[in-house]
Amino acid sequence: MQQLLCQNVLQAIGNTPLVKLNKIVPANCADVYVKLEYFNPTGSYKDRMALSIIEEAEVRGDIHPGDTIVEFTGGSTGTSLAFICAIKGYRFKVVSSNAFAKEKLKTIRLFGAQLEVVHAEEGKITPGLFVEMEERVAKIMSSENAYWTRQFTNTDVLIGYRKLGNEIISSLDSIDVFCAAVGTGGMFTGVSSVLKNHNVNTRIIALEPSSSATLSTGAKGSHRIEGVASGRIPPLLANKNYDEAKAYEESDARNMAKQLAATEGIFAGTSTGLNVFAAIQMAKELGIGKTVVTIACDSGMKYLAGDLFD
C-alpha cells in the first residue's frame, strides 16, 4: 500500500476512510457506509472547516501571523481552530462551556489557546447557552482587535466540507440517501450540495434529537448530544437545502454509540450514534440494493471522562 507522505500535519487533514457496516445492519436492508472523520488529526471533521476558515482569511488578507482569532464553540471547533492557530502562529481566544466534554476543553488548552468556560446549569446544552457564549465573544471583540471566525455564518467553512463530499462520491458513485445531524449546518450543507450536484435523486436528510427538534417541529429544548441542535435555524441552512428533517431519541443515539464500538469497532461519539441509528432506520425502509451514507463525526476518545460509555 502506498503511504501518504505529508510535509506538515495540515496535509493529514481529509482523505478519511469510508467504511461499510457489516454486523449492526439487519438483513434485507440497504448498505450503510460511514465516513470515519475521526481519522483527522484532532479526531473530528472540524479540522476541515478550521483549515478552510483560516486559509481563506489569509488569502483575503484578513489575518496575519501573530493576530488574535476568537470563536465560541461546543469543543471540537475550538480544538480544531486551536490546532490550526498553533501551527500557523495565531493567538486564539475561545469561549466554551462545562456542558461539553472535559477532553475537548483540555485539548483546547494544550494547543495553547486562552479558554473561557461559561457555566451551564446541570451541564446541559440549551439554546440559551449558545446565546450566552456568543455574547461573551462579542464583548471580547469590543475590547480588542481580533478576527471572529463566526462558524455559524462563515461560508468559508463550505470549502472544506465540499472536499468531504467529493471524497464520498469518489468512493461511491451511487448514493440513495445521505443523512447527518445538523450543528452549524456547515458540514451538512457542504457535503449535501456536492452529492446533489452529482445526483439530483440523492435524498438529503437532516437529523436532530427529539428533545430539540427545531428543524422538524420548531421545538427548542435541552439535550446532551454535543455539536448538534443549537436551538436555532443555522444561517448556513437558510435555503433549506435538504429533503426532510427527522428527529430521533437521544437514548437511541447513545446506545448506538456503544453498539458501534462493540460490533463494528467504530469508536465514536453521540452525534455519530445519532447518525448511524438514523441511517439504519432508512436502510430498513429502502431495502436491498440501495445505499445510505452518513458521518462518524469524532472519536469516542473525546467522551471517556463523561457517562456515555459507562
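Trainee: Is Asp 243 buried, partly exposed or exposed?

Mentor: Asp 243 is partly exposed, with a relative accessible area of 37%. Please keep in mind that this is a predicted model.

Trainee: Which side chain meets Asp 243 in a salt bridge?

Mentor: The partner is Lys 196, with an N to O distance of 3.2 Å. Lys 196 belongs to helix H6 (residues 186-198), whereas Asp 243 sits in the loop between strand S8 (203-209) and strand S9 (244-248), so the salt bridge ties together parts that are 47 residues apart in sequence. Lys 196 also counts as partly exposed, at 26% relative accessibility.

Trainee: And Glu 244, what does that one pair with?

Mentor: Glu 244 forms a salt bridge with Arg 203, and their closest N and O atoms are 3.2 Å apart. Glu 244 is in strand S9 and Arg 203 in strand S8, so this pair links parts that are 41 residues apart in sequence. Both residues are partly exposed: Glu 244 has 28% relative accessibility, and Arg 203 has a relative accessible area of 37%.

Trainee: How many salt bridges are there in the whole structure?

Mentor: A search of the whole structure finds 16. One of them joins Lys 20 to Asp 31, with the closest N and O atoms 3.5 Å apart. Here Lys 20 lies in strand S1 (residues 18-20) and Asp 31 in strand S2 (residues 31-36), so parts that are 11 residues apart in sequence are tied together.

Trainee: Which residues are linked in a network of salt bridges?

Mentor: Lys 35, Glu 37, Arg 48 and Glu 167 are linked in such a network.

Trainee: Changing topic, what is the strand order in the open sheet of 4 strands?

Mentor: The order is S5-S4-S3-S6, with parallel pairing. S5 and strand S6 (147-148) are the edge strands, each pairing on one side only. Helix H2 (residues 76-88) packs on this sheet, where it touches strand S3 (68-72) and S4, and its direction makes about 170° with that of S4.

Trainee: How many bridges do S4 and S5 share?

Mentor: Strand S4 (residues 91-97) and strand S5 (residues 114-118) pair over 5 bridges, in the parallel sense. Between these two strands the chain passes through helix H3 (residues 102-110), and the resulting β-α-β crossover is right-handed.

Trainee: Which residues stand opposite each other there, say for Lys 93 and Ser 97?

Mentor: Lys 93 has Gln 114 of S5 as its bridge partner, and Ser 97 stands opposite Val 118 in S5.

Terms used: Residues numbered from 1 in each chain as written. Predicted model: local features only at pLDDT ≥ 70, side-chain atom pairs only at ≥ 80, totals over all residues. Heavy atoms only, no water. Pairing = 2+ DSSP bridges. Right-handed = clockwise from strand over helix to strand, strands pointing away. Contact = heavy atoms within 4.5 Å. Axes fitted to C-alpha atoms, helices over the stretch in contact; angles between N-to-C directions. Salt bridge = Lys/Arg side-chain N within 4 Å of Asp/Glu carboxyl O. Buried < 20%, exposed > 50% of the residue type's maximum accessible area, 1.4 Å probe, protein only.
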